[in-house]
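Thank you all for coming. I would like to walk you slowly through some features of this model, beginning with its aromatic rings, and then turn to its sheets.

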Amino acid sequence: MNIVVCVKYVPDAQSDRSFNEADNTTDREGVEGLLSELDEYAVEEALKIAEAGEGEVTVVTVGPEQAVNAVKKALQMGAHKAVHVSDEAIHGSDAAATSLILAEAVKKAAGDGTPDLVITGMSSTDGVMGVVPAMLAERLGLPQVTYASELTLHGDKVSIRRDGDAASETIESTLPALVSVTDQINEPRYPSFKGIMAAKKKPVETWSLADLGVDAGRVGLDAAWTKVTSFAKRPPREQGQLVTDEGDGGTKLAEFLSAQKFL
Amino acid sequence: MAEVLVLVDHAGGKIRKATAELLTIARRLGEPSAVYIGPNAETAQVTLAKYGAHKVYVYDDPDALEYLVAPQTEILAALVEKTSPLAVLIPSNAAGKEIAARLAIRTESGVITDAVDVTAGGEGVETTQSVFAGSYTVKSTVTTATAIVAVKPNSVAIEPAPAAGEVEKVDVTLSDAAKAVRIVESKPKEATGRPELTEAAIVVSGGRGTGGDFGPVEQFADSLGAAVGASRAAVDAGWYPHSNQVGQTGKQVSPQLYVAAGISGAIQHRAGMQTSKTIIAVNKDEEAPIFELVDFGVVGDLFTVLPQATEAVKKAKG
């Protein structure tokens, strides 16, 4: 089984995230970055599948120079090889352009075909739109089974469990397919010392847009179908009234609700 | 006037509130047309017309609902081609965002998800989103001919505006590819009688501080007619279902009132509730970061504070 996992290098959510004043894009240099936490679940699930049978896991990322750290972390966890697509023309790409680049990278990584399985996280932790998996499936012409909290392979089919609002569903698709996984699906492993040492010898290929045959005019800020026209920091919420419960905390809470016309 | 398509979110013909909100927003941009997929279109048509749908496009082949996302995408893509709408508005839930994503690629249109406001701009449809855990407000313009926008629930107050609601059948033959993914089993969740989390005006959430006992949280929620949410810590511990999780990897809610009980307020949680209008917290630890956000906070044990508040609310409501 040939599995490709798509991952993203994102600004650390614990840090002070912001935008570039010049072009309204996400600031990826002024803050610490890391492998998006939600993508660790995708890497872990791919590794579990590979370990259970015959399989090779390739990790693909698109991003600036430091984004290579995202795939390195995945290699340390146990992925077999990695691809980093990097090109100055990519800066400012929207989700649609990103999915175009990823689609070509996935095909090339699979030896100009389609892998049996493409696995992604449910969304990034910076943009959080959660649209790239669906866009990638559309570009690759693959069925998509998203938000998996459980994944089972049987023969040429994949089935997942999805916990929706109204029901818990079992969803089945033929292979090849694209699956996105939630943070409920597994417990991602920490890279072991052995894993960290082994990762140093694993191949990381760096591809440009030209390597993928993607016209630079189709990606980047100027080609984006949407553009951020302004951004503003929300004024921090001002702390309101704080009371310490001295036996009447609940009553005071209800009085506040009443004063605010919630009752 | 330009046509604006609204994908109807419904349960067996019963229109969800989010759809009425989308129709209200659509009227600012142009002439709303509802796109209804599924049986019982007659029931739905009345409500859709009431909220301003000039046309109701109906695709009633029950097949469409057995498969995921792809049929809706194909039906909408056919309508986009036919009507060249200014915008397609879709509810910003998990399925809605995926339909928006696939439709965007198929029709080469710009897409925005999680919009909290949509207006007609000079250079195209303008949207507002809250990003980075609600710490920034971002305005964007969709520069393509058709804008595809997934709009969050509770983004606008519903206003009725009766229109014709003229029914027009849609004839699309679904591709085999659209039928590759099938729902083979669906176990309905037990109905709680509480409002849906993302649509509720009031949400009461419990976290680690409940120690697994959500009783006081649920009783307080019920006294207020509120939905019940949970922090990631509570969900990871198996105390409450994942579908009730509020936060970055769960639901993003923006109710009139949000009550956090026994929740410390980590960034993961704040990402899901920071844009709520009024925030109340009950926590034993006065250093808990959740208190930085609150309009009213009680430093105390939720197991004594909430039951007392529940009684007081019941009494006040008579």
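A:F19, A:F231 and B:Y136 form one aromatic cluster, where rings of Phe, Tyr and Trp (its six-membered ring) pair if their centres lie within 6.5 Å, and where planes under 30 degrees apart count as stacked, over 60 as edge-to-face and the rest as tilted. Before going further, I should say that this is a predicted model, in which local features need pLDDT of at least 70 and side-chain atom pairs count only at pLDDT 80 or more, while totals for chains, interfaces and linings use all residues. Residues are numbered from 1 along each chain as its sequence is written, chains are lettered from A and ligands numbered from 1 in the order in which they are written, and side-chain values use heavy atoms, with hydrogens and water left out.

Over all chains, a search of the whole structure finds 5 aromatic pairs. One of them is the stacked pair of A:F19 and A:F231, at 4.8 Å centre to centre and with 25 degrees between the planes. Because A:F19 lies in the loop between β2 (9-11) and β3 (33-35) of chain A, and A:F231 in strand β13 (residues 226-233) of chain A, this pair ties together parts that are 212 residues apart in sequence. Here helices (H or I, at least four residues) and strands (E, at least two) are DSSP runs, numbered from the N terminus. A:F19 counts as buried at 10% relative accessibility, and A:F231 does so at 19%; buried means under 20% relative accessible area, exposed over 50%, and partly exposed in between, with a 1.4 Å probe and protein chains only.

Another stacked pair is that of A:F256 and B:F296, with 4.8 Å centre to centre and 20 degrees between the planes. That pair crosses between chains, from helix α7 (residues 249-259) of chain A, which holds A:F256, to strand β17 (residues 296-299) of chain B, which holds B:F296. B:F296 is buried, with a relative accessible area of 2%.

Let us now turn to the sheets. In chain A, an open sheet of 7 strands follows the order β7-β11-β6-β1-β4-β5-β12, with parallel pairing, and two strands pair if DSSP finds at least two bridges between them. β7 (144-148) and β12 (204-207) of chain A stand at the edges, each with a single partner strand, so one side of each is left without a neighbour in the sheet.
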